[in-house]
Amino acid sequence: MNKMSWPYVGGSFPTICRTEGLYLYDAADRPILDAAGGAVVTNIGHGRQRVADAIAKAAKETSYVVPPFITPSRQALVDTLAADWLSPTLTRAHFTSGGTEANEAAMKLALQYQQAIGERQRTKLIGRSISYHGTTLATAAISGHPTRKRGLEQALPTYLTVPTPYPLRAPSGVNSVSLGQYYVDQMRDVILAEGPETIAGFIAEPITGSSGGAIVPPEDYWPKVRALCDEFGLILILDEVMTGFGRTGTTFGYQHWPIEPDILVSGKGLAGGYAPLGGVFTNERVGAAIQAGGFQVMFNTFGAHPSACAAAVEVLNIMKEEGLVAEAASKGTYLHGQLHAAFDQHPHVAEVRGRGLLAAIEVVEDKADLAPFDQSLGLTTSIVNEGLERGVFYYAGGTGEVRDVICMGPAFVVSERQIDDMVENLVAAVDAAVAKLS
Ligand SMILES: Cc1ncc(COP(=O)(O)O)c(C=O)c1O
């Protein structure tokens, strides 16, 4: 075997030998400031001894136990989540090894719920035009991410799609009415055209993650989507793999609006990158119906792995003790202020957007008509590479059709000085990459 990795569009990556705080260190011990928290994962920063100790303890105590058994770390995680993190409406948990498995499980739960309550025709699910939910055939298929479907298009199952709110590029003329209403009307049209009695649920990210680049929907969108799901009997699955556990300055991204999901999906920040873990949380309506239906909710062999659960407990405790959700909100305000100051007048940056410590810029060729640079130029990758050359890691966003989007999602312990470094180097990386095009 001479290669460990397959092609990935989004940067050329060095070997990393150690990590500490917000820094990655390469083989020559050169620091790289991690402006993206990996793939928007490392919420508490790298190198926390307490988490490493908790993982080691769980590995020694209960190295592997099949998921239906309770172990001390599994119990502690459920208790911690219920006490400090989840809405009381979410009463049931299912743990996986990551976000993809969690979304796949959530999609299956929505389908099983409808079967359990006798809605036998409800076999369809709706996703959104700009979105990312995972790598399996089903989660890739329901994602609005053409680049990650290449070579699979003919084989993927079909799901319904509604437009993702994209205020920057909203069709002209809709601003006179509510923009949120415009997108909700599109969703209503799809539901009515397909037949509401055939649709099981809807999956979406409350704030679109890297696929769109931290797109925040219009204020009235989510309450109206929740009402639409209720009107037509659809299960609302919120994919908070990226936005969950404080990232956007609230415990969960959906809490920016007065709504509750039926199924909440998490990953990434749940264990802060210290262990692979995803979580699916359902309300009692969904949980009780599936249980009464006698349907199996199959575990993954490594779901709820004891060491991963122990890591998550410690990560969540650190988050609570250090008030890191509030930090994400206040540092986010600082980050957005600095990004606006640096880019609002930039000739090639159409928008700075996001919430809390999830932020992105969208780079365009022409700011007047928002025309992007040609996709073949690979500008996003060039900007990421320019950033790495300057010692900062940014996360490549976009879907191919949506481009050139650069995402930031640093650890919540980021300092203002580090934010200044990230923003200053991003300006330099964008300018250098754009200059090399001509
Ligand atoms: C919103 C969202 N959902 C799902 C996933 C997939 O999670 P994982 O890569 O852990 O399988 C991601 C990963 O980037 C994501 O951002």
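These are my notebook entries on what I looked up in this predicted model.

**Entry 1: domains**

I started with the overall split. The chain divides into domain 1, made of 16-47 + 324-437, and domain 2, covering 49-321. I then checked the spacing: the centres of the two domains, taken over C-alpha atoms, are 25 Å apart. Their contact takes 40 residues from domain 1 and 40 residues from domain 2.

**Entry 2: the largest pocket**

Next I went for the pockets. The largest one comes out at a volume of about 840 Å³. It has 37 lining residues, and the ones nearest its centre are Ala39, Tyr132, Arg148, Lys268 and Tyr395. Which domains does the lining of the largest pocket draw on? Both: domain 1 and domain 2 each give at least three residues.

I also sorted the lining by secondary structure. Helix 1 (37-40), helix 4 (99-116) and strand 14 (395-396) each supply at least two residues. Helix 4 gives the most, with three residues. By residue class, I noted 17 nonpolar, 16 polar and four charged residues in this lining.

**Entry 3: the second largest pocket**

I did the same for the runner-up. The second largest pocket has a volume of about 630 Å³. It is lined by 26 residues, with Arg92, Ala93, His94, Phe95 and Val297 closest to its centre. At least two lining residues come from each of helix 3 (72-85), strand 4 (90-96), strand 10 (278-283) and helix 8 (284-293). The class split here is 18 nonpolar, six polar and two charged.

**Entry 4: the open sheet**

Then I traced a sheet. Four strands make up an open sheet in the order 1-2-3-13, with mixed pairing. Strand 1 (16-20) and strand 13 (392-393) are its edge strands, each pairing on one side only. I looked closer at one of those edges: strand 3 (residues 31-34) and strand 13 run parallel and are joined by two bridges. Aspartate 34 has phenylalanine 393 of strand 13 as its bridge partner. A reminder to myself: strands of a sheet pair through backbone hydrogen bonds, either parallel or antiparallel.

**Entry 5: a hairpin**

For an antiparallel case I turned to strand 11 and strand 12 (residues 358-363), which pair in that sense over six bridges. One pair I picked out is arginine 353 with alanine 360, the latter in strand 12. The two strands form a hairpin with two residues between them, and glycine 356 in the turn has a positive phi of about 55°. Is strand 11 mostly covered or mostly exposed? Mostly covered: five of the seven residues in strand 11 (residues 349-355) are buried.

**Entry 6: odd backbone geometry**

I went hunting for unusual torsions. Phenylalanine 245 has a positive phi of about 55° and is not a glycine. I found phenylalanine 245 in the loop between strand 8 (235-239) and strand 9 (263-266). Despite the loop setting, I have phenylalanine 245 down as buried, because its relative accessibility of 1% falls under the 20% cut-off.

Alanine 304 goes on the list too, with a positive phi of about 50° though it is not a glycine. Where does alanine 304 sit? In the loop between helix 8 and helix 9 (306-321). Its relative accessibility is 7%, so alanine 304 counts as buried.

I also logged a cis peptide bond between arginine 403 and aspartate 404, with omega about -20°. Aspartate 404 belongs to the loop between strand 14 and strand 15 (405-408).

**Entry 7: alanine 204**

Last, a single residue. Alanine 204 is part of strand 7 (residues 199-204). Is alanine 204 buried or exposed? Buried: its relative accessible area is 1%, so it falls under the 20% cut-off. I listed what alanine 204 touches, leaving out residues up to four places away in sequence: Arg128, His133, Trp222, Ile237, Leu238 and Asp239. I also took one distance: glutamate 219 is 15 residues along the chain from alanine 204, and their C-alpha atoms are separated by 16 Å.

Methods. Residues numbered from 1 in each chain as written. Predicted model: local features only at pLDDT ≥ 70, side-chain atom pairs only at ≥ 80, totals over all residues. Heavy atoms only, no water. Buried < 20%, exposed > 50% of the residue type's maximum accessible area, 1.4 Å probe, protein only. Contact = heavy atoms within 4.5 Å. 1 Å grid on protein atoms, 1.4 Å probe; cavity = no way out; pocket = protein on both sides within 12 Å on 5 of 7 lines; lining within 4 Å. Points joined across faces, edges and corners; volume = space filled by probe spheres on them. Nonpolar A, V, L, I, M, F, W, Y, C, P; charged D, E, K, R; others polar. Domains from an automatic or database assignment. Pairing = 2+ DSSP bridges.
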